Every structure is written in C-alpha cells, then in structure tokens.
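Thanks for coming. I will talk through one model this morning, beginning with a few single residues and ending with the chains as a whole.

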Amino acid sequence: MINFSLPPLPEEEVDARLADMERLGNRDYKEIGVPMFLVAEDLTEGARPRSGGDGSGRILALLLAEGAEALRTRRPDLDAEDIARLIEALADRHFLSLAAPSFSRATELHPETAS
Amino acid sequence: MGELLLPGGFDETLAALVRGLSAGRVLRVVNFHATPSYRREEYRRQFEAYARLFAPITPQDFDSAFDGTWTDARPGLMPVLFRVRDNVDVMLPILEEFGFKGWFFVPSAFPAVVPDVQRSYAKAHKLHVPARDEYPGERIVMTWDEARDLAGRGHGFACHSRSHFDLRPDTPDHVLWDEIHTAANEMRAGIGWPVEIFCWLHGAETGVNPRADEMLREAGFRYLFSNFKVQRLA
C-alpha cells in the first residue's frame, strides 16, 4: 500500500482561504442564494448507509479536513461557527465545479457521439 | 449568523462530516430568505446555470436523494426558501421556468399573524425581511392558501418550528411541545397533509436536546435539517 500524505498548505494559501471565509461571512444573507453541502446521516435502527457517487464526496472530505487543520494552525480553539465558515467556503468554491459531468459524458461537448 | 450549538465537540463533528462526505452522502441545497423583485434577474441567471448541472429534488424523490439511490446522472438540488411573500411572487416563477421544486421552510405560526404586525413579528423572531419593503401596508408572509396551492403543484414543505425557535439543551418540555406538536398540527391543517421535515432556527442537530429529538419522532417527523446535516429520524 502506498503511504502518502500531502504537504501542509503554504502560509499564503492559508491566508487566502481565511480571507475568503471572512469575505463570505460578511455578506448580507437576507436576499442572496447561499449554496451549501449537507451530509445525509441515517439514524434509524438497522440503517445501512450506502456509499457511492463519483468521488466528489471524497474530494470534499479531503478539502474540509485540510481546511480545518490549516485553520487550527492559526486558531487552536475551533468551534461550530468555524465549521460553518469552512463548509460555506467549500460550497462557494466547489458547488458548481463538482457538479459538472465528466468530460466524456458532457453531451454538449460531443454532439456526434450523443447523436 | 446566530449561535450554533453542536451536540459534541469540534473534532467529533468534523470527523462525522468527513466520514459522511467521503461516503458520498451529500445533499446540495441553496438557501434563500427574502427574494425581492429587484434581484429577479440575478436569481434567474443562477437557476439557469443550476438547470444545466442539477436535477430537481422533489418531495417524491427526496428519499432517494437522501439514501444514495438517486439515479439521475446529475446531482439533485434543493432550493430552500423561507416562506416570505416574495418567494411566491418572484422566485416561484423562476423555479418553475427551470423545472425546479421549491422547498418552503415555514414557522407555522407566521402565516396566521395579521398583516399589520407581521413585520414586528418577523423582527421579534429573527425572521429575515428584505432590505427594501416591496409590500408597504400589506402582508409579507406566504398565506396558507398559497402554501396549499404550491404543495398541490409538487413543491415541498418543511416545518421550521412554530415560532422560529432557537432550540437549547434546557428548553422546557411545554415549550418543546408547542414548537413541535402544535407546529406539526398547524402545518398539517395549513397544507392539507403531514410534513415530514423539521428544522430549528440556527439549525440544531440531534443530540443538542434529546427530549426534542424524541418528541420530533413522536410528532411524525422523519428528517431533521441542521446546519451541516440532514438526519433521518424515523
């Protein structure tokens, strides 16, 4: 098994992500649409959660964990508001991009194949 | 953003979210509060873009969006709206133009508040209203007649407690009863059938108040929407 780990985020990138979280958190939420990812959790007895998807969930998981660790280097006592800000920033950046179909399945890019 | 409560610590919550995300158990939601007409074009452009990437999550296929049996090649999308009048007047035509179903989260006492005091009710209960009042002297809340019509057209509803209530660990039982059971009854009477989704102000999840969790199940709610999760209760 390959044992690998990613290098820590460069300080500049941590700064940029924190600045983005700050920017998003300062929006006026009264009138804007705010994309969010919500995790589905089955609490019923005998529930057998399915796994699945196209791998985008694992990308989100990795980015969330990485963002939390980066934030912790600046502020050790993280709380619920920090999770909200992290997920808000994650959704703002990846809500659309991770919904795009894979290149070969994007029918508008391959009209000959689709027809 | 208000005060968020977690049932456990930061690391425990983060670990649960990372596990859920990595298993692909993700629902995609866009939250709207007020949707004033001067932002109509902005909303329309957004849903035009969403329609290229997402499929609508409807009340009929919500279970499959939740449990991982979703079959559409596109991910599902839930536009969540918070019951104000301009959601019906401005946003609804846009949603229907692009084939989406709205999900209306209703504090069940709000529609019955008389128009003269709806603004002060909203202010007292932390309900967002638009910066610019587009209905001076008139109601600002969706009516139950409108809600029944929307439900009949396939849009979804959730109970947002009775009074837009902020659940705390020590909320007494008689208050919980009103915010859960009375709210469930008012939703059923208002829409015409039971509502299965519940959501607290500030999005408390299960475990913040276990008495509330049990009462939600007793009242027939199957799902709890919170800040970071959708939890199936029954």
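B:Ser161 is buried, and its relative accessible area is 0%. Please keep in mind that this is a predicted model. The residue sits in chain B, in the loop that runs between β5 (156-159) and α7 (173-191). Its backbone deserves a look too: B:Ser161 is not a glycine, and its phi is positive, near 65 degrees. As background, most residues other than glycine have a negative phi.

Chain B has another case of this kind, B:Lys126. Again this is not a glycine, and its phi is positive at about 60 degrees. B:Lys126 also belongs to a loop, the one between α5 and α6 (144-152) of chain B. Is B:Lys126 buried or exposed? Its relative accessibility is 53%, so B:Lys126 counts as exposed, the cut-off being over 50%. B:Ser161, to repeat, is at 0% and buried.

Two further residues in chain B. B:Ala112 lies in the loop from β4 (103-106) to α5 (118-124). With a relative accessible area of 63%, B:Ala112 is exposed. B:Ala112 and B:His128 are 16 residues apart along the chain, and 17 Å separates their C-alpha atoms.

B:Ser64 is part of a helix, α3 of chain B, residues 62-67. The relative accessibility of B:Ser64 is 19%, and buried means under 20%, so this serine counts as buried. What does B:Ser64 touch, leaving aside neighbours within four places in sequence? The contacts of B:Ser64 are then B:Thr69 and B:Trp70.

Now the nonpolar cores. In soluble globular proteins, nonpolar side chains tend to be buried together. Here the largest nonpolar core holds 80 residues, and the members that touch the most others are B:Phe47, B:Phe157, B:Ile180, B:Trp200 and B:Phe221. Which element gives this core its largest share? That is helix α3 of chain A, residues 80-94, with eight residues. Please note the chain letter there: the helix is in chain A, while the five residues I just named are in chain B.

Take B:Phe47 from that list. Without its neighbours within four places in sequence, B:Phe47 has contacts that include the phenylalanines B:Phe32, B:Phe98 and B:Phe100. B:Leu77, B:Pro79, B:Met91, B:Ile94 and B:Leu95 are also in contact with B:Phe47. Apart from the largest core there is another one, of 19 residues, and its members include B:Ile57, B:Phe66, B:Tyr223 and B:Val230.

Next, chain B as a whole. The chain contains eight helices and eight strands. Its radius of gyration is 17 Å, and the globule rule gives 17 Å for 234 residues, so chain B is as compact as a globular protein of that length. The C-alpha trace of chain B spans about 45 × 45 × 30 Å along its principal axes. Of its 234 residues, 57% count as buried. Counting contacts in chain B between residues at least 6 apart in sequence, 70% join residues at least 24 apart. The accessible surface of chain B is about 9,300 Å², with 52% of it belonging to carbon and sulfur atoms. As for charge, chain B carries 27 positive and 32 negative side chains, and 3 Å lies between the centres of the two sets.

That leaves chain A. This chain has four helices and one strand, in the order α-β-α-α-α along the sequence. How does the radius of gyration of chain A, with its 115 residues, stand against that of a compact globule? Chain A has 18 Å, but a compact globule of 115 residues would be near 13 Å. Its C-alpha trace spans about 55 × 40 × 40 Å along the principal axes. In chain A, 39% of the 115 residues are buried. Among contacts in chain A with a separation of 6 or more, 74% are between residues 24 or more positions apart. Its accessible surface comes to about 7,400 Å², and carbon and sulfur atoms account for 54% of that. The side chains of chain A include 13 positive and 22 negative ones, with the centres of the two sets 3 Å apart.

One residue in chain A to finish. A:Gly67 is in helix α2, residues 56-74, and counts as buried at 10% relative accessibility. Not counting residues up to four places away in sequence, A:Gly67 touches A:Arg17 and A:Leu86. A:Leu9 is 58 residues away along the chain, and its C-alpha atom is 8.8 Å from that of A:Gly67.

Definitions and conventions
Residues are numbered from 1 along each chain as its sequence is written. Chains are lettered from A and ligands numbered from 1 in the order in which they are written. Side-chain values use heavy atoms; hydrogens and water are left out. Helices (H or I, at least four residues) and strands (E, at least two) are DSSP runs, numbered from the N terminus. The radius of gyration is taken over C-alpha atoms; the globule rule is 2.2 Å times the number of residues to the power 0.38. Buried means under 20% relative accessible area, exposed over 50%, partly exposed in between (1.4 Å probe, protein chains only). Contact means heavy atoms within 4.5 Å. Accessible areas come from the Shrake-Rupley method with a 1.4 Å probe; for residues, only the protein chains shown count as cover. Lys and Arg count as positive and Asp and Glu as negative; His and the chain ends are not counted. The place of a charge is taken as NZ of Lys, CZ of Arg, CG of Asp or CD of Glu. A nonpolar core is a set of buried Ala, Val, Leu, Ile, Met, Phe, Trp, Tyr and Cys residues joined through side-chain atoms within 4.5 Å.
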